Amino acid sequence: MNKATNSHKIRVRISETKVAKGDAVLVCYGLGSCVAVALYDPEQEVGGLAHVLLPGSPRQEDNPSKYSDTSIECLVEKIQKMGRKAN
């Protein structure tokens, strides 16, 4: 049986960044012109997915998951934070 069929699926919508631990599956549907960025820490078994809409953020106060120049940093921070919880 496929491991993904028994896993908890977490939907990542446009301009969202989500992380999960263990056998959860992060998915985004209808990627279109957006970009998906996936990162995984094998030591902590934590992965993350960013569904990026636009290339650059015009202002600091905007949603960091919406833009490519800020979503990667946001994704890394969330993965690191979730990995620390297990220790």
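The legends below accompany close-up views of a predicted model of one protein chain.

**View 1. Overview of the chain and its secondary structure.**
The predicted chain contains 1 helix and 5 strands. Along the sequence these elements follow the pattern β-β-β-β-β-α. Of the 87 residues in the chain, 29% are buried. The accessible surface comes to about 5800 Å², and carbon and sulfur atoms account for 52% of that surface. Contacts between residues at least 6 apart in sequence include 40% that join residues at least 24 apart.

**View 2. The open sheet of strands 2, 5 and 4.**
An open sheet is formed by 3 strands in the order 2-5-4, with antiparallel pairing. Strand 2 and strand 4 are the edge strands, and each of them pairs on one side only. Neighbouring strands of this sheet are turned against each other by 15° on average, direction ignored. Strand 2 and strand 5 pair through 5 bridges in the antiparallel sense. Strand 4, residues 35-41, is joined to strand 5, residues 46-52, by 7 bridges, and these two strands also run antiparallel. Two positions show how the residues face each other across the sheet. Lys18 stands opposite Leu49 of strand 5. Val37 has Ala50 of strand 5 as its bridge partner.

**View 3. The hairpin of strand 4 and strand 5.**
In this hairpin, 4 residues lie between strand 4 and strand 5. One residue to locate here is Glu45, which sits in the loop between the two strands. The phi angle of Glu45 is positive, at about 55°, although Glu45 is not a glycine. How far is Glu45 exposed? Its relative accessible area is 44%, so Glu45 counts as partly exposed, since the partly exposed class lies between the limits of 20% and 50%.

**View 4. Gly48 in strand 5 and the residues around it.**
Gly48 belongs to strand 5. Is Gly48 buried or exposed? Gly48 is buried because its relative accessible area is 4%, and the cut-off for a buried residue is under 20%. Leaving out residues up to four places away in sequence, Gly48 touches Lys18, Val19, Leu26, Val37, Ala38, Leu39, Leu75 and Ile79. The C-alpha atoms of Gly48 and Thr17 are separated by 7.2 Å, while the two residues are 31 residues apart along the chain.

**View 5. Ser15 in the loop between strand 1 and strand 2.**
Ser15 is placed in the loop that lies between strand 1 and strand 2. Ser15 is not a glycine, yet its phi is positive, at about 70°. What puts Ser15 in the buried class? Its relative accessibility is 12%, so Ser15 counts as buried. Not counting residues up to four places away in sequence, Ser15 touches His51, Leu53, Asn63, Ser65 and Lys66.

**View 6. Ile14 and a nonpolar surface patch.**
Ile14 also lies in the loop between strand 1, residues 9-11, and strand 2, residues 17-21. With a relative accessibility of 47%, Ile14 counts as partly exposed. Together with Leu53 and Leu54, Ile14 makes a nonpolar surface patch of about 230 Å². Leu53 of this patch is also one of the residues that Ser15 touches.

**View 7. The salt bridge of Lys18 and Glu16.**
How many salt bridges are counted in the model? The count comes to 1 salt bridge. The side chains of Lys18 and Glu16 meet in a salt bridge, at 3.5 Å from N to O. Lys18 counts as partly exposed because its relative accessibility is 28%. Glu16 is also partly exposed, with a relative accessible area of 24%. Lys18 appears in other views as well: Lys18 stands opposite Leu49 in strand 5, and Lys18 is among the residues that Gly48 touches.

Technical notes: Residues numbered from 1 in each chain as written. Predicted model: local features only at pLDDT ≥ 70, side-chain atom pairs only at ≥ 80, totals over all residues. Heavy atoms only, no water. Buried < 20%, exposed > 50% of the residue type's maximum accessible area, 1.4 Å probe, protein only. Contact = heavy atoms within 4.5 Å. Areas by Shrake-Rupley, 256 points an atom, 1.4 Å probe, with all protein chains shown as cover. Pairing = 2+ DSSP bridges. Patch = residues over 30% accessible without salt bridge, like charges linked within 9 Å, V, L, I, M, F, W, Y side chains within 5 Å. Salt bridge = Lys/Arg side-chain N within 4 Å of Asp/Glu carboxyl O. Axes fitted to C-alpha atoms, helices over the stretch in contact; angles between N-to-C directions.
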